[in-house]
Amino acid sequence: MLYNKYVKMHTKSTMQYRSNVMMLSFSACLISIGELLSIFVLFKNFKSVGYWGFYETALMFGIITAVYSLTECFARGFDEFPSLIKNGDLDRLMVRPVNMVYQIFGSKIEFSKLLKACLGIVVMIIAIINLNIIWTFTKILVLVMTVICGCLVIWGVMLVGAGISVFTIENLEFINIFTNGAKEIAYFPINIYNKWLSRLFTFIIPVACFNYLPLSYIMGYGSLPSVVYALSPLFGALFLIPCLLLFLWALKRYQSSGT
Amino acid sequence: MSKIIQFNKICKDFKVSLKKSGKNKFLNLFKREHKTISALKDVSFEVEEGDIVGYIGPNGAGKSTTIKIMSGILNPTSGECSIMGYTPWKDRKQYVKNIGVVFGQRSQLWWDVPIIDSFELLKDIYKIPTDEYNETLNELIETLNLKELLNRPLRQLSLGQKMKCELAGSLLHRPKILFLDEPTIGLDAVTKLSVREFVKTINKKWNTTIILTTHDMSDIDALTNKIILIGRGQILYKGSFSAIKEKYDHIKQIEVEFAKPYDKIELEGYEVLSHNHNFATLKNKEEINFHTKDFFNAISKKYDVVDFSVESISVDEILAKLYTELKL
């Protein structure tokens, strides 16, 4: 398959700069561990935030870390779309008989994010061991769906940013509010925040759908019927549709630059 | 011969936002004035299958825009274009299987990975059957002398070697049309010659139609007699290159050596380009036809001439003249 070839090529390229990738990977992990420690210190003092305790928050932290790292690893081409436009690589992709979205996925794979994704998964596992959850098949399914749909939502945000950059050609710092900003917010259950903020991150950018909503199902919390919590990741995934449409619409209007 | 490319009244407008400097900078964030720049105005031309066509014009004339429309990257504001029966920007995926594009200044190969791996990836991208791929690759290796380069990453190659690999990469799927955007830019004389030789070979062997943009007029001189001249978004001339050369054939540049140094050289009907002790370079004015005998008679009457040589003006000068004449 073509994508395997892309992975092979990126692996070969990355191996040329082994120590650099290792440094990047470890520094990213150190930052994550620092963030987790600050959450730990917080819970030392407060015991709980709402009805969420430390390990539940750690599980959320693990999910968010894994979701962001995986998306940043595999959808890097969309994240760095402005540079794809600027250095003319998009023109190159357009003269090839392969679907554009597929090619943009193939254009960049950031392996240095993988270690952090693993860290996220390890944190998830540690948290799960320490939480007395009675696992059922649906709960496992919901957890898996949460990670997958989380990736789709973040990819959606990247698509919007990429779509807008077709017209501005600039790196859009304000998109960071929704990518990195949302990440900081989502380390904690979104429903502890101000009403408007939590609505924004539930209905407009559905970060809550891979945050406290599915966890409420897994933990058996919350006042809504459990079906709502269980299906929330799928609701989040719907967010991708308009994002993808916007991106494709923008790509059609792409005006190549310069020579 | 059949028409492989048909361009019919293609127009392309770009909307450019005007950024005002000074006090209004903040307001500009919200309100911007737009200006429409037309990069191409009613561009029409045809190219026959198997031709090499030189597409020339000064910087900013619209060459790249045309190439981008032809390769399906840009869609024009209006007009029709049919290439091998496809409309490039509509049937992009189907269409680009049949074309190869080399942008002289950016690469399609991977920086850190051996060239052969980049080629293998292209094989998968274009879904080239293995037999066909091996055959084409061997042929390209032979004609371009690529054997030693294939296992080295792009970053270790010189500019000339890179261009050779670029050319090979864009020909692996045996395109019917090859677009070359300034293929000889920055190359040394030897590499330039071999790139030209290769382009000619491919054109003959595979009957590949080649559209070439360049600023190096010797490229045109060596490769083709068919040119399309574009300036300020309009086609100014299409036809044979020799016709243009003939038009300026009567202008000559004459280098004269005198027996002794003169303070000033003047000759009616001639322009003195340079003058240094015993030597001077003259050029006849455009309205006069140059005759060696007349010239010699005229100059030897006034000065003591030892030797002189007559040269036609260079292709570059012809083009520069043409550009000024057309006010580009």
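**Close-up views of a predicted two-chain model**

**View 1. Helix α3 of chain A sits inside.** In this predicted model, 20 of the 21 residues of α3(A) are buried, so the rest of the structure largely encloses this helix. Its length checks out too: residues 54-74 should span 30 Å at 1.5 Å a residue, and the end C-alpha atoms are indeed 30 Å apart.

**View 2. The largest nonpolar core.** Here's the big one, with 129 residues. Those touching the most other members are A:Ile63, A:Val67, A:Val153, A:Val207 and, from the other chain, B:Phe179. Helix α9 of chain A (residues 137-168) supplies the largest share of this core, at 15 residues.

**View 3. Zooming in on A:Val207.** Which residues does A:Val207 contact once its neighbours within four places in sequence are set aside? They are A:Val153, A:Ala182, A:Ala186, A:Ile190 and A:Phe201. A:Val207 and A:Val153 both turn up among the core residues that touch the most other members.

**View 4. A second, separate core.** This one has 7 residues, among them B:Val256, B:Tyr270, B:Ala280 and B:Phe295.

**View 5. Where chain A meets chain B.** On the chain A side, 17 residues are in contact with 23 residues of chain B. Two elements of chain A give two or more residues each to that side: α1 (2-15) and α6 (89-94). The top contributor is α1(A), with 5 residues. As for chemistry, the side of chain A that touches chain B is a mix of 6 nonpolar, 6 polar and 5 charged residues.

Note on methods:
Residues are numbered from 1 along each chain as its sequence is written. Chains are lettered from A and ligands numbered from 1 in the order in which they are written. This is a predicted model: local features need pLDDT of at least 70, side-chain atom pairs count only at pLDDT 80 or more; totals for chains, interfaces and linings use all residues. A nonpolar core is a set of buried Ala, Val, Leu, Ile, Met, Phe, Trp, Tyr and Cys residues joined through C-beta atoms within 7 Å. A residue is buried if 20 or more other C-beta atoms lie within 10 Å of its own, exposed if 12 or fewer, and partly exposed in between; C-beta atoms are placed from the backbone. Helices (H or I, at least four residues) and strands (E, at least two) are DSSP runs, numbered from the N terminus. Two residues are in contact if their C-beta atoms, placed from the backbone, lie within 7 Å. The expected span of a helix is 1.5 Å times one less than its number of residues. Ala, Val, Leu, Ile, Met, Phe, Trp, Tyr, Cys and Pro count as nonpolar, Asp, Glu, Lys and Arg as charged, and the others, Gly among them, as polar.
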